[in-house]
Amino acid sequence: MRRLTIKRPVGPIVVSYHGEADASRPPILFVHPINLKGAAWAEIVPAFADRFTIVPDMRGFGDSPPAEQYDLARWAQDCIDAVDRAGIDRFHAIGGSLGGAISVYLAAAEPKRVLSVVAVGSQLYSQDPDNAAVLATLEHHTVKEMFELILPKYALGPNASAEVVAKTIALRNPNEKDDIRRVWRAACAADIRAHVASVSCPVTVLTGEFDLTCPPAAGAEMAAALHAPHVLLPGIGHLPMLEDPPALIAAIKAHLAHAESRR
């Protein structure tokens, strides 16, 4: 693994690169969920060791510093900068939660570059644009306390072990309250409904059976808008990459096999 800081006029981002480029095996960009680090994919990436993989910490997350502004287009630019830094042209985009919406946005904006998309626990737009529960909790608790309360309740399924809960909390956004609020408001304002018609590549939407943040109905709506299959992952909440890595790996591999057979 190579972990690099990409310096830019709009502020640096930190990106992890795994493996070596192989023209016969298109690279994968992994886009992390809201308020988690790119390391949320740590148990998924090794299953694709035969490919070059790109795992950024987008602005305001993980080891990348906070920024003055956040929105869907800026986070998408972080992803493109991470891909461009590696000299990669075409790639698959796999995103969790907000990362799934960003991946679809990328497919619409860069149709000649994005080969396919897997959206994991994602939706077209926020069903709770005010995110009142999160912001109210943040008013009365520290950031760490807020994540300790919110993540087990809204992000993880009822079968998540104490180990998975602890791992998820350890991957939380490390920034202060004001930045957390700005990130969350920007994420909740993200709306890709105007972009789906421009997506021409294969897409698969995966949703955990017990996902409360982007529930199965929202995943089904997203899949229908993209003319994509909607796969329900049993026993899982919002974060399959942490709750059941083998199930998610199998679903991603099935998607890639289908998408690449079409090429």
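Visitor: What makes helix H1 and helix H2 roughly perpendicular to each other?

Guide: In this predicted model, the axes of H1 and H2 come within 10 Å and cross at roughly 75°. Angles of 65 to 115 degrees count as roughly perpendicular, and H1 and H2 are therefore described in that way.

Visitor: Which residues of H1 and H2 meet, and how many of them are nonpolar, polar or charged?

Guide: From H1 come Leu72, Ala73, Trp75, Ala76, Cys79 and Ile80, and they meet Leu98, Ala101, Ile102, Tyr105 and Leu106 of H2. By class, this contact has 11 nonpolar residues, with no polar and no charged ones. Trp, Tyr and Cys count as nonpolar here, along with Ala, Leu and Ile, so residues such as Trp75, Cys79 and Tyr105 belong to that class.

Visitor: Why are helices H4 and H5 called oblique to each other?

Guide: The axes of H4 (residues 143-155) and H5 (residues 162-170) come within 10 Å, and they cross at roughly 130°. Roughly perpendicular ends at 115 degrees and roughly antiparallel applies over 145, so the value for H4 and H5 falls under neither heading and the two are oblique. The crossing in which H4 passes H5 is right-handed.

Visitor: What makes up the contact of H4 with H5, and to which classes do its residues belong?

Guide: Phe147, Glu148, Leu151 and Pro152 in H4 meet Val165, Thr168 and Ile169 in H5. By class, the contact has five nonpolar, one polar and one charged residues. Glu counts as charged, so the charged residue is Glu148.

Visitor: How do you know that H4 and H6 are oblique to each other as well?

Guide: H4 and H6 (residues 177-189) pack at an angle of about 40°, with their axes 10 Å apart. Roughly parallel requires an angle under 35 degrees, and roughly perpendicular begins at 65, so H4 and H6 are oblique. Their contact is made by Val143, Met146 and Phe147 of H4, together with Lys177, Ile180 and Trp184 of H6. By class, it has five nonpolar, no polar and one charged residues.

Visitor: Why do strands S1 and S8 count as the edges of the sheet?

Guide: Eight strands form an open sheet in the order S1-S2-S4-S3-S5-S6-S7-S8, with mixed pairing. S1 (2-6) and S8 (230-233) each have a single partner strand, so one side of each is left without a neighbour in the sheet. From one strand to the next, the twist averages 20°.

Visitor: What makes S2 and S4 a pair of strands?

Guide: A pair needs at least two bridges, and five bridges join S2 (residues 13-18) to S4 (residues 53-57), so these antiparallel strands qualify. Tyrosine 17 stands opposite isoleucine 54 in S4.

Visitor: Why is the pair of phenylalanine 30 and phenylalanine 48 called tilted?

Guide: The structure holds six aromatic pairs. In this one, the ring centres are 6.2 Å apart and the planes stand at 50°. Centres within 6.5 Å make a pair, while planes under 30 degrees apart would be stacked and over 60 edge-to-face, so this pair is tilted. It links distant parts of the chain, 18 residues apart, with phenylalanine 30 in strand S3 and phenylalanine 48 in the loop between S3 and S4.

Terms used
Residues numbered from 1 in each chain as written. Predicted model: local features only at pLDDT ≥ 70, side-chain atom pairs only at ≥ 80, totals over all residues. Heavy atoms only, no water. Helix = DSSP H or I, 4+ residues; strand = E, 2+ residues; numbered from the N terminus. Axes fitted to C-alpha atoms, helices over the stretch in contact; angles between N-to-C directions. Left-handed = near helix turned anticlockwise from the far one by under 90°. Contact = heavy atoms within 4.5 Å.
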